[in-house]
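Student: I'd like a close look at the ring pairs in this model, and then whatever else you can tell me about the parts around them. Could you take me through it in one go?

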Amino acid sequence: MEPVSTEHVTAFRRFNRYLTRRIGVLDDHYLGQDRPLGQARLLYEIGDGASLRELRVRLGLDAGYLSRMTRALEAQGLVRTSVHHEDSRLRLTELTPAGRDEVGEQNRRADALAERLLRDLSEDQRGELTAALGTARRLLRLAGIVIERVDGASADARACLDAYAADIDARFPEGFDPTALVRPEEVSGDAGAFLVAYEENRPVGCGALRTLKPGVGEIRHVWVHPEARRLGLARRLLDGLERQAVEHGLGLVHLDTHAVLTEAQAMYRACGYTQIPRYDDNVYAAHWFEKRLTDGAVR
């Protein structure tokens with residue numbers, strides 16, 4: 001993985017400072033309302049109701065800090081909390097009528113602020129900015145996703161494979177038999193590796209590596225949840241699997257893919273894979289590829 005340059009870090013921090021000043025994040029009365037940004041954002045995220053556990057994960061907040069903010073909003077009559085009827089350990093929170101009015105006013109003021117910021121730009125400039133913001137959001141989402149190696153028999157690994165199987169079963173004209181999935185022992189320990197991608201602690205992608213023979217590995221089941229597609233995550237998973245192959249002493253990796261998975265075929269070619277003759281008896285494969293890895297790094 002390439003080190004992050006000082007130039008990139010400085011540019012990122014400079015933009016953050018500019019944006020937080022322009023939208024009033026530093027003011028205790030965010031958008032002119034009688035509360036700081038943290039409380040205003042919490043009201044927005046509660047929306048139609050959420051558990052404190054879900055809010056803690058979604059916002060990345062310390063449990064104590066979230067609890068204090070929730071109590072403050074409750075004291076103002078903006079939210080109410082309750083205990084889940086099936087799990088007494090789970091606390092739920094929802095907006096009161098006053099809280100819904102507050103969020104509605106917050107949305108109106110936020111829209112007005114955005115309109116003021118964009119007003120003096122031309123339509124072309126607004127389009128350019130909107131496209132740039134979309135790119136920034138996509139890349140920041142990708143940067144926030146963590147890829148971890150997990151045991152092939154873990155609950156997250158099997159859940160991802162179940163989702164993968166259901167996905168391709170719907171796409172393949174002939175369907176898909178889940179017994180064709182890799183077995184846990186093939187992708188664990190010295191035999192291989194299983195990677196799971198997590199966004200806000202939720203599995204959103206996976207990929208498997210298994211050893212075919214000494215020095216040769218095979219990449220299987222590279223999958224991304226529909227909500228996390230078009231971020232570039234599949235390439236990150238593929239890169240991670242190639243690095244796992246190097247760590248396992250595998251200088252050559254193979255993979256195959258179905259005829260309908262044209263996007264996968266394009267990605268493999270773009271990532272340096274060369275099409276080769278059939279090397280396995282996978283009934284779902286129509287294209288076979290390989291890539292040579294060398295000198296402890298991915299080539």
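Tutor: Sure. Let's start with Y268: this tyrosine is buried, since its relative accessible area is 6%, and the cut-off for buried is under 20%. Keep in mind that this is a predicted model.

Six aromatic pairs turn up in the structure. Take F176 and Y284: their ring centres are 4.9 Å apart and the planes meet at 50°, so this pair counts as tilted. Tilted covers whatever is neither stacked, with planes under 30 degrees apart, nor edge-to-face, at over 60. In sequence the two partners are 108 residues apart, so to speak of a link between distant parts of the chain is fair. F176 sits in the loop between α7 (155-171) and β5 (192-199), while Y284 sits in the loop between β9 (274-276) and β10 (287-292). Both F176 and Y284 are buried.

Now back to Y268, whose ring pairs with that of F289. Here the centres are 6.0 Å apart and the planes stand at 55°, so this pair is tilted too. Y268 belongs to helix α9 (residues 262-270) and F289 to strand β10, so the contact ties together parts that are 21 residues apart in sequence. F289 has 0% relative accessibility, so F289 is buried, and we already had Y268 as buried at 6%.

The F176–Y284 contact also belongs to a wider group: ring pairs join Y164, F172, F176 and Y284 into a cluster.

On to the cysteines. There are zero disulfides in the structure. C160 is in no disulfide, and the nearest cysteine sulfur to C160 is that of C206, 4.6 Å away. A disulfide would need the two sulfur atoms within 2.5 Å. C160 is buried, with a relative accessible area of 2%. Looking from the other side, C206 is in no disulfide either, and its nearest cysteine sulfur is that of C160, again at 4.6 Å. C206 is buried as well, at a relative accessible area of 0%.

For something on the surface, go to the leucines. L117, L118, L129 and L133 make up a nonpolar patch there, and together they have about 290 Å² of accessible area. Two elements, α5 (97-118) and α6 (123-144), each give two or more residues to this patch. One member to look at is L129, which lies in helix α6. L129 has a relative accessible area of 34%, which makes it partly exposed; that class takes in the values between 20% and 50%.

Last, the sheet. Three strands form an open sheet in the order β1-β3-β2, and the pairing is antiparallel. The edges are β1 and β2, each of which pairs on one side only. On one side, strand β1 (residues 50-51) is joined to strand β3 (residues 91-95) by two bridges, with the strands running antiparallel. If you want a landmark there, A50 stands opposite T93 in β3. On the other, strand β2 (residues 79-83) pairs with β3 over five bridges, also in the antiparallel sense. The landmark for this pairing is V79, which stands opposite L95 in β3.

Notes: Residues numbered from 1 in each chain as written. Predicted model: local features only at pLDDT ≥ 70, side-chain atom pairs only at ≥ 80, totals over all residues. Heavy atoms only, no water. Phe/Tyr/Trp six-rings, centres within 6.5 Å; stacked < 30°, edge-to-face > 60°. Helix = DSSP H or I, 4+ residues; strand = E, 2+ residues; numbered from the N terminus. Buried < 20%, exposed > 50% of the residue type's maximum accessible area, 1.4 Å probe, protein only. Patch = residues over 30% accessible without salt bridge, like charges linked within 9 Å, V, L, I, M, F, W, Y side chains within 5 Å. Areas by Shrake-Rupley, 256 points an atom, 1.4 Å probe, with all protein chains shown as cover. Salt bridge = Lys/Arg side-chain N within 4 Å of Asp/Glu carboxyl O. Pairing = 2+ DSSP bridges.
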